[in-house]
There are 4 protein chains.
Amino acid sequence: MSRLRDLGITIGDMQPGPQNAITDVPGVMVGHTTLIFDEPQVARTGVTMIVPRDGAIWSDHVFAAYHVFNGNGEMTGLPWIDESGMIGAPIGITNTFQVGVVRDAIIRYAMDHGLYESFFLPVVAETYDGHLNDIGAFHVTTEHAIAAIEVACSGPVAEGNVGGGTGMNCHEFKGGIGTASRLAETGSGPFTVGVLVQTNYGLRGDLRVDGVPVGRMIGPELVPTPWPRHESSSSIIVVIATDAPLLPVQCRRLAQRATTGLARVGGYGHNSSGDIFLAFATGNHLPAGPASAYNLRMLPHEQMDPLFHGVAEATEEAILNALCAAETMVGFQGRTSHALPHDLLRAAVGMR
Amino acid sequence: MSRLRDLGITIGDMQPGPQNAITDVPGVMVGHTTLIFDEPQVARTGVTMIVPRDGAIWSDHVFAAYHVFNGNGEMTGLPWIDESGMIGAPIGITNTFQVGVVRDAIIRYAMDHGLYESFFLPVVAETYDGHLNDIGAFHVTTEHAIAAIEVACSGPVAEGNVGGGTGMNCHEFKGGIGTASRLAETGSGPFTVGVLVQTNYGLRGDLRVDGVPVGRMIGPELVPTPWPRHESSSSIIVVIATDAPLLPVQCRRLAQRATTGLARVGGYGHNSSGDIFLAFATGNHLPAGPASAYNLRMLPHEQMDPLFHGVAEATEEAILNALCAAETMVGFQGRTSHALPHDLLRAAVGMR
Amino acid sequence: MSRLRDLGITIGDMQPGPQNAITDVPGVMVGHTTLIFDEPQVARTGVTMIVPRDGAIWSDHVFAAYHVFNGNGEMTGLPWIDESGMIGAPIGITNTFQVGVVRDAIIRYAMDHGLYESFFLPVVAETYDGHLNDIGAFHVTTEHAIAAIEVACSGPVAEGNVGGGTGMNCHEFKGGIGTASRLAETGSGPFTVGVLVQTNYGLRGDLRVDGVPVGRMIGPELVPTPWPRHESSSSIIVVIATDAPLLPVQCRRLAQRATTGLARVGGYGHNSSGDIFLAFATGNHLPAGPASAYNLRMLPHEQMDPLFHGVAEATEEAILNALCAAETMVGFQGRTSHALPHDLLRAAVGMR
Amino acid sequence: MSRLRDLGITIGDMQPGPQNAITDVPGVMVGHTTLIFDEPQVARTGVTMIVPRDGAIWSDHVFAAYHVFNGNGEMTGLPWIDESGMIGAPIGITNTFQVGVVRDAIIRYAMDHGLYESFFLPVVAETYDGHLNDIGAFHVTTEHAIAAIEVACSGPVAEGNVGGGTGMNCHEFKGGIGTASRLAETGSGPFTVGVLVQTNYGLRGDLRVDGVPVGRMIGPELVPTPWPRHESSSSIIVVIATDAPLLPVQCRRLAQRATTGLARVGGYGHNSSGDIFLAFATGNHLPAGPASAYNLRMLPHEQMDPLFHGVAEATEEAILNALCAAETMVGFQGRTSHALPHDLLRAAVGMR
């Protein structure tokens, strides 16, 4: 499994964290359940869980907010994020048809583990994998969702054809899960911004890598585009984590900055796309059910620009990491989705 | 089963429709699945489905919008309602823990009936029935949700301890499902506004009926309040339908007007309450996947005031109908939720 | 000048502060410039300024948010309130045609006093006084706006026909400026909620006082309604202040609760009404241009209900205070707007 | 005055309209008042007015919506745009300190011309020209604002150092007004998208032209950056017009797509930037004060992608047109803002 930097290509000026992953934000863990089998029905799907605070998220909430660049998709739990500015459970990503089972599974997990002390509403998002996955078979179960919570860990994050991204595509190549991070220096100290994406959007001709129109250079004559145009333009979920002490209103600012990175790779927020961005900040502790007022810190707004750049760069690179890591997949009804050929990518970028 | 008007009490100046129900809006159907049993685990829960367009909603969408008065609750499908201003499937209401299974069930129903032509994202809302219902038993199944779609019909609507409202409470009396409607005269002709509520909110002392502080007059000394105060303040879902030709931006205006009716009965949007209001308008036909531009009509904004009054009155009366129809229920762990005593209500209102 | 409590009528259960005014929140000052003259053109207008932090608001910002119940009105500065959650200047209220001059005047004042250190965008709102005021004469000047800042003080607040409220009406009686406050006990200590309204909305028949339909009882046969119905339904601006340590996301919650109070008096958010509510919280200090992270406190969401009740009660009473304090006024083109007769009000409420 | 295409550089794949300007949308007119003088105080400022419907906007409104990418700026009139989805007056852009006088001037113009039949709330936006303009001199008057309405016309649009853009900068070069357009083919016929920008944002190093990092290649060693870094990162206003029959909810979708174009040129939505985007659609006629329901057409959402691409391309090119047209300016306190050197730009882009 390769990453963009393994090919000698970097995005932007900022330094990534040690893993160049969302797990560079202390306490953020990622777990995947990947379902790839052909019998009795073709499965190319899964669940990805992002678990903040080393799993203590149930009793120590995080500030959070979201931004919708195009709303043709689902993310549950939005009214409480808006109202409270908080999230109090792991965040799930799966396929479009099974947001519900994953959402309810998070509650079951809480009930089973005595974690349902403070009320919370699960946040689960999706993209559509019905091209490679027999999505009408409803493969994902409560157990699959819970397993993704249980295997979540820090350190390197598997990318490409894993978890919720298993059957996804991106710019008419094989896509999936990608991640990246950036270290941001501010007047209040250094902070990390980490991004994880589940990519399933975009047209071939719109793909750009660091500004270079790679998608036009690797057209369908070189790598056949596997399906009709209108089916290829779907969604992207972006989850942003930071250890900066941000308030909810500031998390919303971060969330919207994912648009910058997405636009640079070639996203337009097509009509059929669910481009939904979630940002959470671990820099303040929010124990559930406190007796009295919380003591918080807040990064001054004037110091947020480095975080904005970090989100833009990390989003751009996370998408490209998904493209680089994903391998060619044959799925439902024999359809093939081709990996982005690394040699052609390298050549295209080198030609600038 | 009584309704407020059966007790000689009316709300406001406007005339209700023939059923004084959301089904007075042509094409709007309501179906309930009610689960009341004690073994193997106590069930006091269910699902309510609101099906527009006599079931043709899948291929002839409606304009819609929502308003969140307090967001401590769930309604799925919000990003696409925001983005498109449309709903393309039945609308479900159930308990807090099982929004997911009901949400996915709507997709299953569509798949099973070949209705998944145009993309849509299910809209399912909830309130919390864990006081009377063993909510951790996850009673509601895919089949229960689908059954509520299948039994949906026009005409009178069962109220009180039915469907999603089965185990709910309201102002520390037994609550549940309620409905009402109003006929609104506008410069563009007469239109109907219908409201359906699933009530599970409010404190005893805050209950008012047509301005009369009934809740204070029927305090816990007359009818014992069955549980600790903090557990009684939960949520209300309001669904508003109209046959007026409203655009999405106008549906949002209607949705917010539910606040007026709720405030008059005694709702404050408490912190623990999910007070989410959805409005849809059937006055324009929106066939899925059209070849060319839709032809629409739009009620001028200047003519919306009668609809605003209609929503306020119908919401107020729908809540009170839920209170009047609901009967005393014994549920989980032997807890009892008392019905609002009709004689005391009549006496209190008559005393003004 | 009378207030509602002087007539023996109280609203709700909570205690008001010493002044029963927005100035009960420490540091909040109010100033009015009132323009009443007949030559060369009829003036019945003015400016009201709300100045937080005893005037130090320019260098010590407050958290803030707003809610729009009906948007047929203006409040400037909204994008920065949304983005930053802060306000950094006095808040103005005036007539519809002159929001601009008041807005620019706040910048001039800052320039003149060397206060333009940190960027801010002025927040100025309006209601329409064109019935009693020759609004096309554009009476308000930069100097008038600045004078309202300069005379701002704590202590009792003049109500009725003063400041921005000079020429306003309410429920087809004479309206104007009103204020009230409530003391809220929370788990984190006691806090004050203060409300100031500029009322210019509503129909006679919809007026209720503590639930009693006073407006129907004092119909046009007793006190003639002075103008055609469609001209009487205009706007209300509500400004809420608190010393609780609220975050911006929590200020938004407070702002929306003004709807509860307004709905109880008889507001529907008519189409022609600009019902815009602003809330700010002084409980955290936010010095402009800080070198490093702010230290903040945050009231837990679970402790906000008393503030919600306080906003509802204080908004209801502030509107009624405006009605009680306003005196009959003859204005533009000889039009008369009648004061709400105190004896009829007392009789109506006593009849419940 | 040069434009990007005069230099042999094009953006994207779509065809521009005949003027490659916002005036390619039928009925859209643009007028500038440009103030450049040194005595008694240095003026480098002005007003730009965008007048839809050949001036009949007052009695035939347009659907509209906005998007805020970063809210450190002002656009008045937002609550009514949100509530009604309409604009009913010319749209002004000026400097930060004088939004008010321009806003009130639009009302004066309406009063003077008997156009104040239907209520409307003026929409006026700004960026900050205090580096080159003595902004504390408040140069812009009511007459200047009205003059910009009166000279508005269709046809070619002056760009660069004109109107509201007179004293503005962009990516640390001289900026100002720019415009561009695109022709979009949809299943409901061809439509035009036109964009006008007032640019005053961005860092030198972030400037990209068609993906090429031109700003890094033309660093301060080639063209000195005229002021401290933190002062250069300010705002951009984007106004989008189309003749497509869009509803308000669809105008909002267009407005947000300006982010795509801005991100590609190098915008991050910095903290100090007011990046506010307005979109209006003339494809439906909305006569003020109608007796009965409007008849409308609506472009199906599924056909909006070409408009999204059009907005992205036209925004990108409009910004670059502003940069190409603007000429080196010496202003307040002798500060110099350098034009983007065309030869260096051409060389940089040719080097890709």
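Which residue of chain A comes closest to the rotation axis? Of the residues of chain A, A:Leu296 holds that position, with its C-alpha at 2.4 Å from the axis. The structure is a predicted model, in which local features need pLDDT of at least 70 and side-chain atom pairs count only at pLDDT 80 or more, while totals for chains, interfaces and linings use all residues. Residues are numbered from 1 along each chain as its sequence is written, chains are lettered from A and ligands numbered from 1 in the order in which they are written, and side-chain values use heavy atoms, with hydrogens and water left out.

**Confidence**

- Chain A has a mean pLDDT of 95, and 97% of its residues reach 70 or more; pLDDT is the predictor's confidence in each residue, from 0 to 100.
- For the complex, the predictor gives an ipTM of 0.97 and a pTM of 0.98.

**Symmetry**

- A turn of 180° and a shift of 0.0 Å along the axis lay chain A on chain C with an RMSD of 0.0 Å (least-squares superposition on the C-alpha atoms of residues with pLDDT of at least 70 in both copies).
- The two copies are thus related as by a two-fold rotation axis.
- Both copies use the same surface, since 100% of the contact residues of chain A recur in chain C (contact means heavy atoms within 4.5 Å).

**Salt bridges**

- Over all chains, the structure holds 40 salt bridges, each defined as a side-chain nitrogen of Lys or Arg within 4 Å of a carboxyl oxygen of Asp or Glu.
- In chain A, the side chains of A:Asp104 and A:Arg103 form a salt bridge with an N to O distance of 3.1 Å.
- A:Asp104 is buried at a relative accessible area of 7%, and A:Arg103 is buried at 0% (buried means under 20% relative accessible area, exposed over 50%, partly exposed in between, with a 1.4 Å probe and protein chains only).
- A further network of salt bridges links A:Arg5, A:Arg182, A:Glu313 and A:Glu317.
- B:Glu313 and B:Arg182 form a salt bridge, their closest N and O atoms being 2.7 Å apart.
- Because B:Glu313 lies in helix α7 (residues 305-325) and B:Arg182 in strand β9 (residues 177-186) of chain B, the pair ties together parts 131 residues apart in sequence; helices (H or I, at least four residues) and strands (E, at least two) are DSSP runs, numbered from the N terminus.
- Both B:Glu313 and B:Arg182 are buried.

**A salt bridge between chains**

- The side chains of B:Glu83 and D:Arg253 meet in a salt bridge of 2.7 Å, N to O.
- This pair joins two chains, because B:Glu83 lies in helix α1 (residues 78-84) of chain B and D:Arg253 in helix α6 (residues 248-265) of chain D.
- B:Glu83 counts as buried at 8% relative accessibility, as does D:Arg253 at 1%.
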